[in-house]
Amino acid sequence: MKRLLILLCALVLGASAGWAQNPLQDYVLEVRGDTLVIADFFDAGGVASTLGAVIQAETDAGNVPEGRVYMLHAGTNGTLESGNQALYLFDAAIPEQGRPLVIVGERCGGKDATVVSFGVTDEAPNCRPPTIAGFQDQSNNPVYAVIRIDNDLTLKNLYFTSAHSQGQANWSMVEVNGDNITVVFDNVIGEHNRWTWINANGNPGLSLYVYDSYFLNATDQPSRRNGGVYDAVDVPTELVWVENSTHLQNQGMQYKFRNFAPSKVVFNHNTFVNCAGQLFLGFGYLTHMVVTNNLFVNSNYQPYYPGLDYSEMYSLDPNDPNTDLSAFQPHGIINLNYLPKDENGNSYAITASAWPGTQPFNEADRKILVDLNGVYWDPMLKTIADALNQNGVEGDVCEADGCVTGRSDLNWTSQAILANERTLAMFADDAQFPYLVWGTWYEAGDPQFIKGPEQVRPNVVQELYNWGYNSASSGVTAEQLLPKIRMEGNEAGNEIPDEDPANWINYDWPLAVNLAYTNETYLNGGYNGFPLGDLNWFPEQKKAWLAQRDAEYAAIEAALNAGVPLAVKKVAAEIPDNLYLEQNYPNPFKRTTTIRFALDAPDNVELVVYDLLGRRVATLLKEQLSAGVYEVTWDARDEGGRLVSSGVYFYTLKVGSHTETRQMVLQR
């Protein structure tokens, strides 16, 4: 046993159990209006579960103020045994309270402090967010950190992990046991799990909001599926909103929607790096989804075999002789499928509002906006499926998961794709799906991170490859798990034979990576020219973005409702007398210009930019639009997202058999 555990055990033996004290007297350091500042493990003389004890004592006493906040004070950097870190350790789960819980870490620096990197401010560079983690009971048995809820929960400004100090993670940390509740993760760091950080398996209607958060190192269960953020196995989710958050080195499926249709799904300005499994796992029955301004790197790459994970991706049984096996297609970053139909041939969705029934839903009413995203895969990761096929690996994973075996005509295929053929065909079918919008994807190569995972683990791409290959077998072992991105000397993981188990609750701070990047295409590729991905890696840009956040979401909602890309804006719904194309403005222009046109009737519209030689430079629009007046913004980039040179360009509007062209001048 390492010396940290010896020290902590001595503290525990010298103190009474936390739940046996008078928590409201002994474990509240300060009262600030409706906020209670809670003593940590060291403040309480080696007592765990001070937070849980105070929460339970207030619930038992009743009359809890409506705005009650439980504040966990911050600490500073230092070894665990130094007592500098603020440790809120659990020797028992926090059970359901029948009331909302708001648990907030003390902010490092004042409200006007400048953020100089992810979570670090200029006023308090050594400040360290508080830790929620597992510990042990009075018999020294390990205890996971678990919060069970039957009402709303907010976690803010803190680090949490289900893992305990003896070196192991739990399946999940937040267990939802109530219907129609809201969970908010705001500026949190979540690390280690064997499944997800939050699950709502038997309770429908969860609304999950994630802001400014960082989820990493979910690499603890020898299963290709496990190691993500959220799952609800048996019931529909109401809403998932994820904004300005980073996902790093998570080996499984990230957000699981299965066969359900939340009322709203939004992923805007997020970064996914080294997330091996499907990012937005499901049957493809989503009816309202926004995926904009994100950056995907070496993610969604695990290979696919026909029928694999069919119970999580398809309603078909691959072993039914009547099943058309061609229906089983790989799951790209974006995955859509046709809605199921009832016995009368009417399509429907399984929603939280209609649960346990179903909701009639027309295919034409589905609204999906995918626009202004960047993606990069290391070429090595695209070869995993070929290696499995060449080596004749059918995989005993198929025996466990029910996919098709014994067929020489079936093969592994890569899931390092934007979307499968079915999904792309649906986006292209404007007649049946007028509000499905497949906008701009930037495939501009390596982002060139300031300090990427490969600078912490030089062989990380090979390790990603190994995990993708080895996890094609259900016999994958703990020794083959995807290693964690941890600083040297603070390693943790089931694959490490001689680790210090206490490292599991000692997170890297400052963070081990810096996912700001220098790739110019991604730096200016977002809406209004902001960087793609999580803007917390770009503090100055994040501050400017917040000033226009509401306007951006208004533009997203307008694009979603109009069935057009973000660069297209419907400025007048009145039907004009005739079709026309106006001169762009400004002209000449330096960075962006706006093109306005009008339609006097619904029609297929294509707006294309050409150079002086007549070569296609950029397709700004290729959609079916209703009658009205529209504006399209061009950011002087070509089809590959590269900035074009100064010069004369032509833009051509094609509407049915009508074609009109005008000239514009770019002067950088």
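**View 1. The largest pocket holds about 1,300 Å³ of space.** Everything shown here and below comes from a predicted model. In this close-up, 46 residues line the largest pocket. To find its centre, look for Asp371, Leu372, Thr440, Ala567 and Leu620, which lie nearest to it. Several elements give two or more residues to the lining of this pocket: the helices α7 (421-428) and α12 (549-562), plus the strands β33 (441-442), β36 (568-572), β40 (616-625) and β41 (628-634). Strand β40 has the largest share of the lining, with 6 residues. Sorted by class, the lining of the largest pocket comes out as 22 nonpolar, 12 polar and 12 charged residues. And where does the largest pocket lie with respect to domain 1 and domain 2? The largest pocket lies between them, because domain 1 (28-315 + 324-472) and domain 2 (567-667) both give residues to its lining.

**View 2. Here is the place where domain 1 and domain 2 meet.** The domain assignment splits off domain 1, made of residues 28-315 and 324-472, and domain 2, residues 567-667. Their C-alpha centres are 39 Å apart. The contact takes 7 residues from domain 1 and 7 residues from domain 2. Between them, the two domains bury about 480 Å², with 36% of that on carbon and sulfur atoms. Which three residues supply the most of the area that domain 1 buries against domain 2? They are Asp430, Val437 and Tyr442, which together supply 63% of it. If you go hunting for salt bridges across this interface, the rule finds 0.

**View 3. The largest cavity has about 70 Å³ of space in it.** The structure holds 4 cavities of 30 Å³ or more, and this close-up is about the largest. Its lining is made up of Ile189, Glu191, Tyr214, Leu216, Leu248, Ile485, Arg486, Tyr507, Asp508, Leu511, Ala512 and Val513. The elements that give two or more residues to this lining are strands β15 (182-191) and β18 (214-216). How many residues of the lining of the largest cavity are nonpolar, polar and charged? There are 9 nonpolar and 3 charged residues, and no polar ones.

**View 4. The second largest cavity has about 60 Å³ of space.** Around the second largest cavity you'll find Phe257, Phe280, Leu281, Gly282, Gly284, Leu286, Met289, His331, Ile334, Asn335 and Leu336. Strand β25 (residues 280-282) gives the most to the lining, with 3 residues. By class, the lining of the second largest cavity has 7 nonpolar residues, 4 polar ones and no charged ones.

**View 5. Asp231 and Lys256 form a salt bridge.** The closest N and O atoms of this pair are 3.6 Å apart. Asp231 sits in strand β19 (residues 230-231) and Lys256 in strand β22 (residues 255-258), so to speak a link between distant parts of the chain, 25 residues apart. By the rule used here, the count for salt bridges comes to 23.

**View 6. Two prolines follow cis peptide bonds, at Trp355 to Pro356 and at Asn587 to Pro588.** For the bond from Trp355 to Pro356, omega is near 5 degrees. Pro356 belongs to the loop between β28 (348-349) and β29 (359-360). For the bond from Asn587 to Pro588, omega is near 0 degrees. Where is Pro588 found? Pro588 is in the loop between β37 (580-581) and β38 (593-599).

**View 7. His192 has a positive phi although it isn't a glycine.** Its phi is near 65 degrees. His192 has its place in the loop between β15 and β16 (198-199).

**View 8. Gly98 lies in a loop, between β5 (87-90) and β6 (101-105).** Which residues does Gly98 touch, leaving out those up to four places away in sequence? Asp150 and Asn151 are the ones it touches. For a sense of scale, take Lys570, which is 472 residues from Gly98 along the chain. The C-alpha atoms of Gly98 and Lys570 are separated by 46 Å.

Definitions and conventions
Residues numbered from 1 in each chain as written. Predicted model: local features only at pLDDT ≥ 70, side-chain atom pairs only at ≥ 80, totals over all residues. Heavy atoms only, no water. 1 Å grid on protein atoms, 1.4 Å probe; cavity = no way out; pocket = protein on both sides within 12 Å on 5 of 7 lines; lining within 4 Å. Points joined across faces, edges and corners; volume = space filled by probe spheres on them. Helix = DSSP H or I, 4+ residues; strand = E, 2+ residues; numbered from the N terminus. Nonpolar A, V, L, I, M, F, W, Y, C, P; charged D, E, K, R; others polar. Domains from an automatic or database assignment. Contact = heavy atoms within 4.5 Å. Buried area = accessible area lost by both parts, 1.4 Å probe. Salt bridge = Lys/Arg side-chain N within 4 Å of Asp/Glu carboxyl O.
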